[in-house]
Amino acid sequence: MDSTSAPASAVDWLRQRLADGDLPDRHPELAPRLGTAGPAEVRQAGTLLQRVAPERVLAAHPDTPVVRVAVTGHSTLDAVRAPLTGELARHGLLLKATMTDFDSYLFALSDPESELYQAEPDLALCVLDPWLVFDEVPTPWRVEDVEAVLKAKLALLDGLARTFSAAGRGVLVYNTIPLPAQFADQLIDLRSRARLGAVWREANAALLRLADDHPAVVVLDLDPVLAEGVPLSDARMSVYAKAHLSAELLARYAHRVAHLARVLTGRTKKVLALDLDNTLWGGILGDDGIEGIEIGDGHRGEAFAAFQRVAKQLGGQGVLLAAVSKNDPGPVGEALREHPGMVLREEDFVRVSADWQPKHLRLTGLATDLGLGVDSVVFVDDSAYECGLVREKLPQVAVVEVDAEPARHLGALLADGWFDARELTADDRHRPMRYREELVRKDFLESFDSVRDYLAELGVRIRLAPPTAAELARVSQLTLRTNQFNLTTQRLQPDRVHELAGDANALLLAVHASDRFGDNGLVGAVLGHRAGDAVEIDNFLLSCRVFSRGIEQAALSTVLAHAKATGAREVRASYRRTAKNEKVAKFYPRNGFTVVAEDETSAAFRHDLADIAAVPEHIELTADFEEPKQ
């Protein structure tokens with residue numbers, strides 16, 4: 001793709017690939033092309049993509065993540081399939097869909113032998129609509145009738161969630177139920193109309209809280225989508241086809257479901273890299289000077305300040321903020337420190353990179369400095385040229401191109417939910433501080449002649465213990481987000497981690513690390529189970545922040561020693577190859593395991609526990625295999 005010329009639209013490109021028959025081979029090129037597509041184009045692309053079986057793409061690119069989605073509900077939902085296919089493709093994901101029959105949600109979710117459960121969905125979408133309620137009220141009806149039906153439906157949905165938690169393997173997705181004007185307006189007295197609104201909102205609030213009681217449940221709130229003017233329904237389609245939610249609303253619903261699918265497949269972004277001139281503030285710093293840039297004062301200055309507040313809000317939840325600007329570093333630092341209208345200050349960024357290198361090189365360097373892949377980065381810039389160049393050179397980077405109207409910047413940034421997570425943990429909130437500490441460690445390393453001397457002075461401390469109840473969400477998050485040091489890439493949702501924590505046969509250990517520069521937090525996990533006189537390590541994960549410090553060797557040696565002390569005769573482990581974890585393919589053999597079986601995509605290993613390597617001498621380790629007191 002030439003960054004200086006307008007590329008063909010994603011739909012035109014798709015049509016050409018289908019005509020040439022080479023879409024499966026060139027499928028990785030699709031996601032970057034769909035990155036700038038609007039809802040209509042994504043829906044068209046999804047329609048075209050349904051002509052190609054996922055198996056054909058997997059034959060050419062076996063590492064392509066597949067998301068199994070089952071769709072059920074009260075109304076006709078065929079219109080959700082095309083946008084869902086297209087939205088997942090925007091993020092490099094393949095859809096395998098199971099569509100249940102019309103109004104079959106009760107049977108589909110209550111019977112563990114149903115088609116829905118047999119599909120073993122990663123996401124089970126139970127799409128709720130207002131007619132779910134109003135189809136069951138009498139004529140004429142009163143607010144009390146609606147309240148009674150809502151109460152019964154909430155109890156039903158709660159019961160279905162319990163069944164799914166016991167019988168399902170993925171995430172059950174509900175949504176809030178919109179209240180159409182056509183029903184509210186049937187009440188001619190305003191007091192009753194207000195009571196209906198209160199009853200309806202209370203029911204939706206209770207629906208949103210179902211996720212607190214069921215770790216396997218996510219509830220999507222449709223009110224913010226409808227507030228943007230998306231039509232709730234099409235009168236003719238609702239009456240004649242029982243398609244009670246509009247195609248536009250289902251497309252926006254699919255857009256949000258795709259964000260959740262991205263979370264489940266470990267594709268959440270971690271870094272927000274921001275251009276400065278005409279992105280973070282108005283004007284050109286080099287031309288206008290610090291006094292001349294627009295930030296804080298005036299209409300445009302306030303719009304840039306609002307954008308900075310949104311970026312700071314994201315940073316406060318663990319997103320790593322970086323500045324990437326073609327500028328001299330001195331004036332940039334001075335502007336961030338001293339301009340009175342600036343919301344973001346120098347200390348809010350993990351890295352401020354101001355120089356004259358091409359931005360794709362700076363983004364590569366930034367990712368390297370942080371120990372992350374470039375696919376963790378979201379890049380925001382107002383320059384079409386810079387955005388096009390980054391798309392061409394680094395297609396893994398999510399590019400947000402903002403226009404000349406700063407009031408639209410924050411909407412463009414938030415539109416794709418790049419940093420969405422199932423649940424925010426304490427480690428998330430501390431992440432920016434820990435990455436800043438990590439950059440200090442890198443500078444500290446450069447002051448030594450050898451890595452061995454560096455490690456001896458670093459003072460690495462490790463604590464290995466079962467996670468507390470408050471830490472289970474972080475363990476789940478590690479399985480979802482960690483890609484490099486992830487031996488089998490098993491993605492575990494929070495409810496599954498809770499199950500393992502309560503399983504007497506399971507091995508579930510959290511790895512905490514700290515050193516002279518601070519606390520790294522919960523950085524790894526070991527998951528396994530007892531199988532007779534053997535211990536099976538089902539997965540071993542470690543955050544990329546703490547690679548190459550001996551932490552992985554120390555944790556593994558401790559697990560082996562504990563297995564031997566508790567009567568095990570051997571420890572078995574496995575490795576499943578992906579595009580990102582090849583660097584750990586030999587981890588087990590390097591630590592005393594022998595190969596039992598091996599092919600191109602996986603390997604099985606065994607350790608006889610006869611000779612267990614000692615914990616590296618530079619590490620201070622404490623271990624407690626007893627379950628913590630909650």
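Let us start with a helix pair: helix α4 (residues 39–49) and helix α6 (residues 81–90) pack at an angle of about 100°, with their axes 7 Å apart. That angle makes α4 roughly perpendicular to α6, a label that covers 65 to 115 degrees, while angles under 35 count as roughly parallel, over 145 as roughly antiparallel and the rest as oblique. On the α4 side the contact is made by V42, R43, G46, T47 and L49, and on the α6 side by A82, P83, T85, G86, E87, A89 and R90. By class, this contact of α4 with α6 has five nonpolar, four polar and three charged residues.

The model is predicted, so local features need pLDDT of at least 70 and side-chain atom pairs count only at pLDDT 80 or more, while totals for chains, interfaces and linings use all residues. Residues are numbered from 1 along each chain as its sequence is written, and side-chain values use heavy atoms, with hydrogens and water left out.

A few terms are worth fixing here. Helices (H or I, at least four residues) and strands (E, at least two) are DSSP runs, numbered from the N terminus. Axes are lines fitted to C-alpha atoms, for helices over the stretch in contact, and angles run from 0 to 180 degrees between N-to-C directions. Contact means heavy atoms within 4.5 Å. Two strands pair if DSSP finds at least two bridges between them.

**The two parallel sheets**

One open sheet of five strands has the order β2-β1-β3-β4-β5, with parallel pairing. Its edge strands are β2 (94–99) and β5 (217–220), each of which pairs on one side only. Neighbouring strands of this sheet are turned by 25° against each other on average, direction ignored. Within the sheet, strand β1 (residues 66–73) and strand β3 (residues 123–127) pair in the parallel sense over five bridges, and V71 stands opposite L125 in β3.

Another open sheet of five strands runs in the order β8-β7-β6-β9-β10, with parallel pairing. Here β8 (351–355) and β10 (398–401) stand at the edges with a single partner strand each, so one side of each is left without a neighbour in the sheet. The average turn between neighbouring strands of this sheet is 20°, direction ignored. Strand β6 (residues 271–274) is joined to strand β9 (residues 377–381) by four bridges, and the two run parallel. In this part of the sheet, A273 stands opposite F379 in β9.

Which helices lie across these strands? The table lists them with their angles.

| Helix | Strands touched | Angle |
|---|---|---|
| α10 (143–167) | β3, β4 (171–175) and β5 | about 165° to β4 |
| α15 (residues 247–264) | β1, β3, β4 and β5 | about 155° to β3 |
| α17 (residues 298–315) | β6, β7 (320–326) and β9 | about 155° to β6 |
| α19 (residues 359–370) | β6, β7, β8 and β9 | about 150° with β7 |

**Cavities and a pocket**The structure holds two cavities of 30 Å³ or more. On a 1 Å grid over the protein atoms alone, a cavity is a set of points where a 1.4 Å probe fits but cannot get out, and a pocket is an open set with protein on both sides within 12 Å along at least five of seven lines; lining residues have an atom within 4 Å of a point. Grid points are joined across faces, edges and corners, and a volume is the space filled by probe spheres set on the points.

About 90 Å³ of space lies in the largest cavity. Its lining includes V263, T268, R422, E423 and P494, and helix α24 (residues 472–481) gives the largest share, five residues. By class, the lining of the largest cavity divides into five nonpolar, three polar and three charged residues. In this scheme Ala, Val, Leu, Ile, Met, Phe, Trp, Tyr, Cys and Pro count as nonpolar, Asp, Glu, Lys and Arg as charged, and the others, Gly among them, as polar.

The second largest cavity has about 60 Å³ of space. L150, K153, L154, L157, I177, W200, A203, N204 and L207 line the second largest cavity, with α10 and α12 (190–213) each supplying at least two of the lining residues. The lining residues of this cavity are seven nonpolar, one polar and one charged.

The second largest pocket holds about 350 Å³ of space. Of the 19 residues that line this pocket, A504, A506, L507, H562 and F625 are the closest to its centre. β13 (506–515) is among the elements that supply at least two residues of the pocket lining, along with α25 (494–501), β14 (518–531) and α26 (551–565). The largest share, four residues, comes from β13. By class, the lining of the second largest pocket has 12 nonpolar, four polar and three charged residues.
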